[in-house]
Amino acid sequence: MRRFEGDVAVVTGASRGIGLAIAERLVFEGARVVLTARDEDVLRQAAARIGPPERVLCVAGRADDPAHRASVLDLVDRELGQLDLLVNNAGVNPAYGPALEIEVSVVRKILDLNVVAALEWSRDAMAHGLGDGDGGAIVNIASIAGLTASPGIAFYGVSKAALISLTTQLAYELAPRVRVNAVAPAVIKTDFAKVLYAGREEQVAASYPLARLGVPADVSGPVAFLLSRDAGWITGQTLVIDGGGSIRPVS
Ligand SMILES: NC(=O)c1ccc[n+]([C@@H]2O[C@H](COP(=O)([O-])OP(=O)(O)OC[C@H]3O[C@@H](n4cnc5c(N)ncnc54)[C@H](OP(=O)(O)O)[C@@H]3O)[C@@H](O)[C@H]2O)c1
């Protein structure tokens, strides 16, 4: 299946983990993609692994830096043409603990990347013509932490709840030109989530009806679906990807 033949995509935070899996899937299905992340060497190696330089470009920088966003979108204009797809994937969780114990400077840092940057990427992408072609779409990578209480990662959960609400708001405002959806994964085996399962993977996996942790490909397939024309009448939705974790009966 090559659902993205002729499409141009930007995926933020795509040098490893979920973002890289999404970029790889889009390239596999025919898209030309720009990857971003902060570490330039790792980013270049990742881009080279998933496709040739005429199909896979990359720009190193911070997703919450306006100058970086401008250089990514200028590159799209110059080298690739019409922008069709945006994946707001870059996200952080620099703090562990209850919401009332988090420092305000850390709150701002989390919100800047996990929420404000997604808004800014969406706004800048629209200004660069996202949705001018056929099939414009945005997918935001939220988390189940934004849908339930999340002991230990409380404020991260607040930020992902805001990202889910932003998805709803933008879906309404940008329709019918651009569809906007989100995914809410549970624990996916990446560097980011290691702290949640390292040394006790079997025990954590046993808490999911599907009896294993997620892997990046469990997210990239659903994201590709939401970006594709197969989801052409779906907007404003958040798709839970959690191995059945949210359907466990209350005991
Ligand atoms: N893994 C999970 O269990 C899980 C579950 C639910 C949701 N999520 C969400 O999924 C997204 C990706 O997480 P992941 O698990 O794939 O993480 P990961 O493996 O740590 O990868 C994060 C990627 O984002 C880049 N990045 C980090 N900070 C950035 C910044 N300020 N600007 C630009 N790029 C940045 C990293 O590269 P550099 O470090 O070089 O910048 C890397 O490419 C996040 O939004 C996360 O909240 C993850």
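Two strands pair if DSSP finds at least two bridges between them. Helices (H or I, at least four residues) and strands (E, at least two) are DSSP runs, numbered from the N terminus. The views below show a predicted model, in which local features need pLDDT of at least 70, side-chain atom pairs count only at pLDDT 80 or more, and totals for chains, interfaces and linings use all residues. Residues are numbered from 1 along each chain as its sequence is written, and side-chain values use heavy atoms, leaving out hydrogens and water.

**View 1. Strand S6 and its neighbour S5.** Let's start with S5 (residues 136–141), which pairs with S6 in the parallel sense over 6 bridges. Look for asparagine 140, whose bridge partner in S6 is alanine 182. Between S5 and S6 the chain passes through helix H5 (residues 154–174), and this β-α-β crossover is right-handed (with the strands pointing away from the viewer, the path from the first strand over the helix to the second runs clockwise).

**View 2. Strand S6 and its neighbour S7.** S7 (residues 238–241) runs parallel to S6, joined by 4 bridges. Here valine 183 stands opposite leucine 239.

**View 3. The two faces of S6.** In S6 (residues 178–185), 8 of 8 residues are buried (under 20% relative accessible area, 1.4 Å probe, protein chains only). Val178, Val180, Ala182 and Ala184 point one way, while Arg179, Asn181, Val183 and Pro185 point the other.

**View 4. Around the ligand.** Now find aspartate 39, which has a backbone N or O atom 2.9 Å from a ligand oxygen atom. In isoleucine 188, a polar backbone atom is 2.8 Å from an oxygen atom of the ligand.

Methods:
Buried means under 20% relative accessible area, exposed over 50%, partly exposed in between (1.4 Å probe, protein chains only). A polar contact is a pair of N or O atoms within 3.5 Å; within protein, one must be able to donate a hydrogen and the other to accept it, and residues adjacent in sequence count only if both atoms are side-chain atoms.
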